Amino acid sequence: MNFYFDRPEEVPKERIETMKKAAELTVRREGLDPDLLEVSVSFVSPEEIRSLNRQYRNVDRVTDVLSFPQFESADEIRTFGENFGMAELGDVVICPERAAEQAKLFGHSEEREIIYLFVHSMLHLLGYDHMEADEKQEMRTKEEEIMTILGIPRENAENAGEETGKLLFQKAMDASLGSWSPYSGFRVGAAIQAMNEEGDTGIFTGANVENISYGGTICAERAASVKAVNAGYRIFLAGASCSPDGTASPCGICRQFLSEFGPDMVFFFGPDEDHLQRKTLSELLPGQFRFSKMLAGEAGRNGSVNNDSEKEKE
Ligand code: THU
């Protein structure tokens with residue numbers, strides 16, 4: 001396979017070699033001959049990827065990876081190859097700085113994050129997409145299989161994202177002091193780390209607010225969520241909840257509420273900061289209800305129409 005790397009010095013040499021292996025494995029698994037394919041890979045700064053994201057997807061924020069496919073499917077690539085020989089799959093643009101931040105947050109290595117992003121992007125170049133839940137599942141399964149073959153599977157370490165978990169837990173505990181809970185006597189605090197469209201992250205906290213008409217009660221997790229969303233921080237990355245009066249974990253309606261803004265977020269809870277459970281939202285709420293077209297396509301997250309092109313994918 002032919003690779004055109006732009007600024008390969010932005011990542012360690014061994015990573016480039018693993019990327020090449022990852023790309024060849026990905027295409028081979030789709031029944032394509034790597035010798036007839038080429039791909040361009042650029043490493044860019046957060047400012048550069050934001051500008052590309054704005055230019056091509058009309059989304060003005062920093063992102064981790066952008067993919068610019070030249071073909072619709074592996075079949076189309078195969079037919080092209082049979083007729084013309086070499087096929088240029090397209091461009092992959094990766095922001096290593098952003099990948100490093102995400103690796104820290106998710107508690108795995110930078111290598112895992114960059115290779116994972118690259119495999120994800122290679123699958124886009126081969127025509128895969130994640131607009132619909134079943135497509136997303138297929139893509140995720142392929143990604144995980146490739147990562148496992150490469151020997152860098154997801155580290156399901158107990159302590160993944162430990163620092164983030166502890167910090168959020170402490171903030172949630174402080175926030176619980178703002179609870180209004182005269183009926184249950186159970187104070188709950190929550191903290192959510194979220195990102196806005198510009199790629200800035202912030203931590204928002206909340207506490208439960210009860211009501212004499214009991215059903216009017218608002219949980220800590222939703223109190224924190226609305227603060228984040230109202231401030232424009234609509235991409236939830238991580239969260240924690242806790243109580244000075246026992247162990248709190250998000251209730252069903254809060255799990256549903258969180259899934260709107262953080263389908264892939266991680267959540268921490270436990271009796272104290274040294275005994276935290278770390279769960280992904282899909283573990284807390286399996287089979288999340290998603291109106292994926294509405295979230296990812298014609299109507300944007302703010303309800304307005306966005307101009308995401310068919311071709312350029314994150
Ligand atoms: N509570 C929360 O704040 N979060 C949850 O997810 C579970 C329940 C609050 C609501 C109510 O004020 C109190 O805990 C007892 O149910």
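This report walks through a predicted model, from the whole chain down to a few single residues.

## The chain as a whole

The secondary structure consists of eleven helices and nine strands. Of the 314 residues in the chain, 48% count as buried. Contacts between residues distant in sequence are well represented: of the contacts with a separation of 6 or more, 68% join residues 24 or more positions apart.

## Around strand β4

A good place to start is strand β4, which covers residues 87-94. Six of its eight residues are buried, so β4 is largely enclosed by the rest of the structure. Two of its pairings can be followed in the model. With strand β2 (residues 37-43), β4 pairs in the parallel sense over six bridges, and here Val-41 stands opposite Val-92 of β4. With strand β3 (residues 65-69), the pairing is antiparallel and runs over five bridges; Leu-66 is the residue that stands opposite Val-93 of β4. As a reminder, strands of a sheet pair through backbone hydrogen bonds, in either the parallel or the antiparallel sense.

## The five-stranded sheet

Further along the chain there is an open sheet of five strands, ordered β6-β5-β7-β8-β9, with mixed pairing. The edges are formed by β6 (201-207) and β9 (277-280); each has a single partner strand, so one side of each is left without a neighbour in the sheet. On average, and ignoring direction, neighbouring strands of this sheet are turned by 20° against each other.

Strand β7 (235-242) is mostly covered, with eight of its eight residues buried. The table sets out three of the pairings in this sheet, each with a pair of facing residues.

| Strands | Sense | Bridges | Residue pair |
|---|---|---|---|
| β5 and β7 | antiparallel | seven bridges | Gly-189 and Cys-242 of β7 |
| β7 and β8 | parallel | four bridges | Ala-240 and Phe-268 of β8 |
| β8 and β9 | antiparallel | four bridges | Phe-267 and Lys-279 of β9 |

If you are following side chains along these strands, it may help to recall that in a regular strand they alternate between the two faces of the sheet.

## Helices α8 and α9

Two helices accompany this part of the structure. Helix α8 (residues 220-230) lies across β5 (189-195), β6, β7 and β8, and runs at about 140° to β6. Helix α9 (residues 252-261) belongs to a β-α-β unit: together with β7 and β8 it makes a right-handed one. Strand β8 itself spans residues 266-269.

How do the two helices meet? Two packed helices are described by the angle between their axes and the distance between the axes. The axes of α8 and α9 come within 9 Å and cross at roughly 20°. That angle makes α8 roughly parallel to α9, and the crossing is left-handed. On the α8 side, the contact is made by Glu-221, Arg-222, Ser-225, Val-226 and Val-229. The α9 side contributes Ile-253, Cys-254, Phe-257, Leu-258 and Phe-261.

## Three loop residues

Finally, some loop positions invite a look of their own. Most residues other than glycine have a negative phi. Arg-7 has a positive phi, near 60°, and is a residue other than glycine. Arg-7 lies in the loop between β1 (2-6) and α1 (13-29). Its relative accessible area of 28% makes Arg-7 partly exposed.

Asn-58 also has a positive phi, of about 60°, although it is not a glycine. This residue is found in the loop between α2 (46-57) and β3. Is Asn-58 buried or partly exposed? At 45% relative accessibility, Asn-58 counts as partly exposed, because the partly exposed class lies between under 20% for buried and over 50% for exposed.

Gly-107 sits in the loop between α4 (96-106) and α5 (110-125). With 24% relative accessibility, Gly-107 counts as partly exposed. Where the chain is concerned, Gly-107 and Thr-164 are 57 residues apart in sequence, while their C-alpha atoms are 9.0 Å apart in space.

How values were computed:
Residues numbered from 1 in each chain as written. Predicted model: local features only at pLDDT ≥ 70, side-chain atom pairs only at ≥ 80, totals over all residues. Heavy atoms only, no water. Pairing = 2+ DSSP bridges. Axes fitted to C-alpha atoms, helices over the stretch in contact; angles between N-to-C directions. Contact = heavy atoms within 4.5 Å. Buried < 20%, exposed > 50% of the residue type's maximum accessible area, 1.4 Å probe, protein only. Right-handed = clockwise from strand over helix to strand, strands pointing away. Parallel < 35°, antiparallel > 145°, perpendicular 65-115°, else oblique. Left-handed = near helix turned anticlockwise from the far one by under 90°.
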